Amino acid sequence: MLWEVDVSLRDAAADPLAREFVAGAATVDRVDLSTARTAVGWLLEGPLSRTEVERIAAAVLVDPVTESCQIDEPIAAGLTAARDGLPTVVHVLPKPGVTDPAGLTAAEALAVLGHPGIAVRSLRKYWLPPMEAADARELARRLVANEAIHEVVIGPLSLRTLAGGGRWEFSRPKVSLEGLDDAALGRLSRERCLALSAAELAAVRDHFRTLGRDPAEIELETIAQTWSEHCCHKTLTSPVEHEGPAGRVAYDNLLKETVFAATQTIRRSLGAGDWCVSVFRDNSGVVRFDGDHDICVKVETHNHPSAIEPYGGAATGLGGVIRDVLGTGLAARPIANLDVFCVAPLDTPTAEIPPGVIPPRRLLAGVVAGVRDYGNRMGIPTIAGAVAFDPGYLGNPLVFCGTVGIMPRGHAEAAPAVGDLVVVAGGRTGRDGIHGATFSSIELSSDSETESGGAVQIGHAIHEKTLTEFVLEAARQDLFHAITDCGAGGLSSAVGEMAATLGAEVDLDRVPLKYAGLSATEVWISEAQERMVLAVPPEAWERIAAIAAAEGVEATAIGRFTGDGRLTLRWEGQRAGELDCHFLHEGRPRQTLSSTFAPAPETPARWQPAGLAATLTAVLALPDVASKEWIIRQYDHEVQGASVTKPLLGPGEGPADGTVIRGVLGRDRGVVLAVGLRHRLGPLDAYQMAAGGIVEAIANAVAAGADPERIALLDNFCWGDTRRPETLGPLVEACRGCHDAAIAFAAPFVSGKDSLNNVFAYTDGEGQSHEISIPPTLLATALGQVPAVGRSMSPDLKRAGSLLAVVGISRPDTAGSQLELTGRVSGGRLPAVDLDACRATIHAVARAAHSGTLLACHDLSDGGLAAGLAEMAIGGGLGARLELNAMPFDDAGLDLGAAIGPSARDLAIAFGESPGRFLCELPAGGEQAFAAAVGDVPWAIVGEVVAEPVVELFGTAGKSERIAVGELAAAWRSLARENT
Amino acid sequence: MLAPRALILRAPGTNCDQETAHAFERAGGIARRVHVRALAERPAIADDCQILCIPGGFSYGDDIASGRILALELATRLADALAAFRDRGGLILGICNGFQVLLQTGLLLAGPSGEREATLAHNTSGRFIDRWVPLEIQGGGPCLFLDGLHTLELPVAHAEGRFVTRSVDAMARLEAAGQLPLRYAAGANPNGSEADVAGACDPSGRVFGMMPHPERFIVATQHPAWHGRLDPTAAGVGLAIFVNAVRAVS
């Protein structure tokens, strides 16, 4: 029997679901839906009488104070009758097979009530004014449904059962590669969504020729997953012939000789003081923390899934990186998350949005909601992040999710032993995310939504939460030898990696399924979320199973590690596939890539005269600079109780540089998290983007109080089509920038990730083909440490009468600046990093911080000195006077152009974005102590803090401009207001 | 005498249990985290505890309504044990999700014939919000968790915290009995709660639920404006709520 229970609010005016719809319609379609009514519906299938359903509704589904409900069979006319004169009924429900967290939760509740085994599916229901069914469908599609995961039904639901498919009958389809030329191999790769090159398929063919047989489908799929860009970074580890400004350079392994090499050099020079523990090996990078803990960190991207389904893509991106940390060594406890989004400007006109692309405003709202709902439910504070805007991200938004974890010392090393059971724990396996790993390695097109619907996963955070509790308790009791997460490639890559040296046999029919009918191959490569694989010694199985049961987690032994170096896959005892582990992990042919890079010539600055105050409010309102409060406050950034420096702080709730949490409650040592992202420099000079981003991340961390001798770095490259030499060239330059900057700061890279092929292809209405490539983007993440959280610093101004000092030299660095976006300047000097000077500045500020002479400290980045000062004033609710003439300023290269001298000079000093500068607040009379601490780096007293909440900027010609802090705050918050 | 024991009840999706346990220990108690399944199998676990706390989180995912399923589980499997715990003088504290659970179990604000007098609905913004809010205490009522406090600042972090009563009469009854002692300061109501209500207690004052998170202000460094303004080693005012609970049963 199938029942439907529709739950509505008694007070329709207080209906957030309806308001979301109404607001969306007003902004997108200019349709008046202010009278819309909604319901949350539940489809319940099982042996239930109407009385039982009524009892269930009252106990579980309906709030007696605020809600009422209607119960019937879905086909009953009463459920789709007009409400309040609104005749058009729209149902939005998850497609069959798509994870439905609310439905799963409801089924659990029904079990508590004594009705186990009831199938439940949730839906949303909208009553709208009279309109054509096609219009209603279009409206739903644009506002509340996503065809990748939702079904939209207008009018009655003609549903009689929720039951899915039948049993899969074992078969072993073969895929012959014999007799195919390169073109045919390429076609086969595309048709099967393998993302393998012709050369790679040829290597597979040759391998199987030596075995005297064709590969089985499941074997070919395993190879495709393992050899995917996503899983093995084949581009970055390739030999590269590079031609750049310094001539020709040949790399045998680009990543190894740049990013990894920097880490090795630093570790060697640290000698016995090396504080790296496990780098570039495991699912995250591990470093020493305190006497009995190590900490680890990882940042991942989930760009392509988020482009198609922003909510699910971002949520599962976060879920995945949390599992990376959980699956590091013998498991780490996740203690902080970060998220960074790169999207097109929110006001991109509808006419400029290509077919198949989700408008940036809806996309950003979706990814924010995804991170919010997953991170908050996991109980991990989301403490750091950024949002960057550029038209190049229109078809290919970037979604970075990161997690920090902590583990007992000695838990960083893990390896399975022969005889260990292969145990899969957590969520069940369905068709979710089939081909996610290979999909993320293929470029997006306007057809991606329909082509790759299977690659979209929906997360169920609560399964991951219980899985986390289970894993951490099992780790505490020392019950497993190794653990890894099921991410891209699913079991095929998780088990494949763990068994890389030992080999394993797996009985795929034992894997618990969400619904019947999955083939062995589907089970093996499904990317269903919230699963971990553990290597459990047989004698620990009973205890680990008991912990799983106590936490409500499903754990199943599906095989064992054998020691024969083979990966043997079985289905009900029959051999489904067998692969040689050595071939699987070492057999991929390497291909030499070529790259070229020629730096764009600097364009001389062209100035438009403008006042300082007006320019400052314009800069503060720019999307990159403006307050992200509307996002930050949707994230629980304080859960776990360890918060020390929050993303918004001070009495005026200004922005932070880096954020700080305690590593362990009740202890003083803190973890600092900061990011650097100079995406506007990517198209100009990728080396400088990378080096500048690293300087920014480190400066942010040090401004928050981090010890500059203990900063670990992560690199996340997001690039276009690197098969093109001119796109690969900047990537090589960025790798060089990473190497040089890491060495300069003795800050080792400990982990990283790349996402390539971020290109969006489409055909417009006139049949013209277009391609949008993202700007080369490198996200740098700094994981720092403060010895005592009581000594951490914040940027908000603390007291009237104190002094303002700038450390570091300013130059007219306007190329790629925020000032350029206001139209006051175009072009100009590139903000090139002087690594030695930046290191000296950063260490000087750290010494000043250590000597206790700083009241506040702020890294100057987007929007330069003036924006930095404004942010400090907003946070502290105090005013300031600042003299631009007092700034340490090197005007070489300042091209004043015609007749606007003073204004251009003022703008260059106030808004130039020279890297590696800090604005510090010192107590009155604190100059001498400060001077002694900073030593011989360039610095100067440039102003003072005043009680009256007004910022007064004195230009170089002696004239001053005043602006109220309230006005600055209003400009800085304008974008946030628009989004709340 | 032995330090009082606090049982921190956790369920799938509970996520403030560790820091809440830490807060009770800071306040001089001994805290023990217990899974609801374990308690349901052996209710005697609670026998040597004087305080029961249901901490914040998203019990069972909160996909249907916050706290609904954990409340159902408690009502179905532990109703007698909880009533006995309260009747023998035990204190019960629900924070955020725990407050939502207490209301739905009927341990808090159940009317004369057992019907629920109030609920916690979606915030008027329709969104989750994490922000610090000033709070005021309406003294004179029975709530012993708030003894000696007049004003305080604490963070809220929830999507469903809008306090709504069944009727004007219910509101008047609860106000008159001093059962709504914790209020958002005027103009600082983050979620649209009726009469700015942030917390409610039972007539005995021994069962108390609150939306703000006291465990997130037990030390000064948890405050968003502590840098340069507060002694980083000083206690946060939220600790007083745990100290009050520990003292009341000492």
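## Sheets, contacts and buried residues in a predicted two-chain model

In chain A, seven strands make an open sheet with mixed pairing, in the order S37-S39-S35-S40-S38-S41-S42. Strands are DSSP runs of E with at least two residues, helices are runs of H or I with at least four, and both are numbered from the N terminus. Two strands count as paired if DSSP finds at least two bridges between them. The edges of this sheet are strand S37 (856-859) and strand S42 (960-964) of chain A, each of which pairs on one side only. Neighbouring strands are turned by 20 degrees against each other on average, direction ignored. Axes here are lines fitted to C-alpha atoms, for helices over the stretch in contact, and angles run from 0 to 180 degrees between N-to-C directions.

This is a predicted model, in which local features need pLDDT of at least 70 and side-chain atom pairs count only at pLDDT 80 or more, while totals for chains, interfaces and linings use all residues. Residues are numbered from 1 along each chain as its sequence is written, and chains are lettered from A and ligands numbered from 1 in the order in which they are written.

Strands of a sheet pair through backbone hydrogen bonds, either parallel or antiparallel. At one edge of the sheet described above, strand S41 (residues 950-954) of chain A runs antiparallel to S42(A) and is joined to it by 5 bridges. Within that pair, Phe954(A) stands opposite Ser960(A) in S42(A). Helix H22 (residues 686-703) of chain A packs on the sheet, where it touches S37 and strand S39 (918-922) of chain A. The direction of H22(A) makes about 170 degrees with that of S37(A). Contact between two residues means that their C-beta atoms, placed from the backbone, lie within 7 Å.

Another open sheet of chain A has 7 strands in the order S17-S19-S15-S20-S18-S21-S22, again with mixed pairing. Strand S17 (482-485) and strand S22 (574-580) of chain A each have a single partner strand, so one side of each is left without a neighbour in the sheet. The twist from one strand to the next averages 25 degrees. In the pair of S17(A) and S19(A), Ala482(A) stands opposite Ala535(A). Helix H7 (residues 217-226) of chain A lies across strand S21 (566-571) and S22 of chain A, at about 35 degrees to S22(A). Helix H15 (residues 461-476) of chain A lies across strand S15 (421-426), S17 and S19 of chain A and runs at about 135 degrees to S15(A).

Strand S2 (residues 37-45) of chain A is mostly covered, with 8 of its 9 residues buried. Buried means that 20 or more other C-beta atoms lie within 10 Å of the residue's own, exposed means 12 or fewer, and partly exposed lies in between, with C-beta atoms placed from the backbone. In its pairing with strand S1(A), Gly41(A) of S2(A) stands opposite Asp6(A). In its pairing with strand S5(A), Trp42(A) stands opposite Ser122(A).

The table lists antiparallel strand pairs of chain A.

| Strand | Partner | Bridges |
|---|---|---|
| S41(A) (950-954) | S42(A) | 5 bridges |
| S17(A) | S19(A) (531-536) | 4 bridges |
| S1(A) (2-9) | S2(A) | 6 bridges |
| S2(A) | S5(A) (119-128) | 9 bridges |

Chain B has 7 helices and 11 strands. Its radius of gyration is 17 Å, close to the 18 Å that the globule rule gives for 250 residues, so chain B is as compact as a globular protein of that length. The radius is taken over C-alpha atoms, and the rule is 2.2 Å times the number of residues to the power 0.38. Of the 250 residues of chain B, 60% count as buried.

Helix H7 (residues 239-248) of chain B has buried residues, including Ala240(B), Ile241(B) and Phe242(B). The buried residues of H7(B) pack against H1, strand S3 (51-54) and strand S4 (91-95) of chain B. Gly98(B) lies in helix H5 (residues 97-105) of chain B. Gly98(B) is buried, with 29 other C-beta atoms within 10 Å. Gly98(B) and Gly57(B) are 41 residues apart in sequence and 7.9 Å apart in space, C-alpha to C-alpha.

Between the chains, 48 residues of chain B are in contact with 53 residues of chain A. Helix H3(B) gives the largest share of the chain B side, 5 residues.
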